[in-house]
Every structure is written in C-alpha cells, then in structure tokens.
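Let's take a walk through this model, going from ring pairs to charges over rings and then to how some helices pack. Have the structure open as you read.

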Amino acid sequence: MSEDPLLRLPRLYADMEDQYADIAAQIGLTCAECPDNCCTSYFQHHTHVEWAYLWLGLAALPKEQLRVIRSRAEEYVNQARQMLAEQRVPDMMCPLNEDGRCILYAHRLMICRLHGVPNVFTLPNGVTKDFSGCFRAQKLDATQPDRPKLDRSELYRRLVELEVDFVRSMPKKPARVRLTLAEMIHQGPPI
Ligand code: SF4
C-alpha cells in the first residue's frame with residue numbers, strides 16, 4: 001500500500017517551493033515591497049487532498065481562532081456569490097490572511113505557492129500552456145525575453161497522483177472539486 005497522500009503532499013509542496021525559489025532567483029523576482037497582494041486573487045482549487053491538508057492545519061488551531069476564520073470565510077462566500085452574480089471577479093482578501101500575512105502558511109494551497117514566476121505546463125494531450133506570471137514578472141520579461149520559466153507539468157502530475165490515491169481512500173467517490181479556499185473552509189473538511 002502506498003504512503004498516506006497527506007504525508008506525501010508536504011514533500012510535493014516543498015519541491016514546488018524550491019523550484020519556485022530557483023526560478024525567482026534566476027529572474028530576480030521578489031515579493032518585497034510589492035504594492036499588490038496575491039491573497040486577494042480569485043482562485044478555485046480542484047483537489048480533495050489539498051482541501052483535506054488545509055483542514056489538518058485548520059483543525060489544529062484554537063477553537064476561537066477557527067470560529068473567527070470560518071465566519072470570515074462565510075462572509076467571503078456570500079460576497080463572492082454577489083459579485084459573480086453582478087459579473088464581477090471577486091477581489092477580496094483571503095480569510096486566512098491577517099495583517100498581510102498568511103496565518104496557515106504551511107498548509108496553504110498549491111496555487112499560493114506557485115503564483116508569481118512565469119510558468120509553463122504540458123497537458124496530457126501534448127498541448128503546452130504558457131503563462132507570463134504576476135505583473136512584476138511581466139515587467140521583468142521586457143528586459144529578459146529568454147528568461148527561464150517554471151515547468152509545472154511534473155508538479156501537476158504528482159498532485160494528480162496524490163489526488164487519485166486520496167480519493168481512493170475515501171469511503172464514497174466524491175464529486176469533483178471546484179472551490180475557492182473560502183468555500184473549503186466554509187464547507188468543512190471533504191467527506
Ligand atoms: S491561503 Fe494564505 S497564501 Fe493562500 S491566499 Fe490565503 S492567505 Fe494568501
């Protein structure tokens with residue numbers, strides 16, 4: 001039997017961070033003094049394994065702190081629903097961000113770890129997708145047209161592998177995930 005996916009996920013996260021740091025150093029990208037905060041970006045997440053790992057971190061918080069976070073998450077979910085109904089992209093602060101910092105840094109999701117540097121990935125059908133990174137990375141692009149990019153393909157493949165193993169361990173085959181982090185908090189751990 002393969003090792004628990006929730007034990008393997010932190011190793012994948014560590015590899016993501018190492019590869020991100022390597023590309024960021026090569027292109028000279030840093031988050032220092034950035035006027036933007038990525039934690040207001042609207043992202044949906046797609047794996048039960050990341051959702052469960054997020055909840056491992058949440059469940060270890062003091063009860064009152066968790067209550068406050070869940071209440072912020074509920075507010076986020078309601079406001080986001082309203083904004084989407086008005087054809088607006090939600091741009092609210094993540095319920096886990098306090099004073100500009102992530103309070104569950106070790107449990108943050110993949111996209112929180114990879115957003116920023118220019119990246120590329122190849123789909124199973126061979127089609128390659130290319131992304132230019134955050135606005136700062138795009139500015140650097142003007143001066144370094146041949147700069148290195150983070151290839152996410154292998155990282156995604158490993159995450160899919162973990163997700164398949166995690167879903168197999170669930171008592172019932174779950175529905176597909178397409179949730180914001182606030183929704184993951186609001187709904188409770190995956191069942
Ligand atoms: S989980 Fe943490 S890093 Fe990710 S968006 Fe929320 S506050 Fe930011």
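There are three aromatic pairs in this predicted model, where a pair means rings of Phe, Tyr or Trp (its six-membered ring) with centres within 6.5 Å. Planes under 30 degrees apart count as stacked, over 60 as edge-to-face and the rest as tilted. One of the pairs joins Phe-121 and Phe-131, which are stacked at 6.0 Å centre to centre with 15° between the planes. Phe-121 belongs to strand β3 (residues 119-122) and Phe-131 to strand β4 (residues 128-131), so this pair ties together parts ten residues apart in sequence. Helices (H or I, at least four residues) and strands (E, at least two) are DSSP runs, numbered from the N terminus.

How buried or exposed is Phe-121? Phe-121 is buried, at 13% relative accessible area, while Phe-131 is partly exposed at 40%. Here buried means under 20%, exposed over 50%, and partly exposed in between (1.4 Å probe, protein chains only).

Phe-121 also pairs with Tyr-156: the ring centres are 4.9 Å apart and the planes sit at 65°, so this one is edge-to-face. Since Tyr-156 is in helix α6 (residues 153-168), the pair ties strand β3 to a part 35 residues apart in sequence. Put together, ring pairs link Phe-121, Phe-131 and Tyr-156 into a cluster.

Rings have charged company too. Arg-108 has its charged end over the ring of Tyr-105, 3.7 Å from the centre, and Arg-113 lies over the face of Tyr-13, also with 3.7 Å to the ring centre. The test is NZ of Lys or CZ of Arg within 6 Å of the ring centre and within 35 degrees of the ring normal.

Tyr-13 turns up again in the helix packing. Helix α1 (residues 5-27) and helix α2 (residues 48-59) have axes that come within 10 Å and cross at roughly 95° (lines fitted to C-alpha atoms, for helices over the stretch in contact, with angles from 0 to 180 degrees between N-to-C directions). The two are therefore roughly perpendicular, the word for 65 to 115 degrees; under 35 is roughly parallel, over 145 roughly antiparallel and the rest oblique. Residues in contact (heavy atoms within 4.5 Å) include Leu-9 and Tyr-13 of α1 and Tyr-53 and Leu-56 of α2.

Helix α2 also meets α6: their axes come within 8 Å and cross at roughly 75°, which makes them roughly perpendicular. Val-49 and Glu-50 of α2 are among the residues that meet α6, where Leu-159 and Phe-166 are among the partners.

Residues are numbered from 1 along each chain as its sequence is written. Local features need pLDDT of at least 70 and side-chain atom pairs count only at pLDDT 80 or more, while totals for chains, interfaces and linings use all residues, and side-chain values use heavy atoms, leaving out hydrogens and water.
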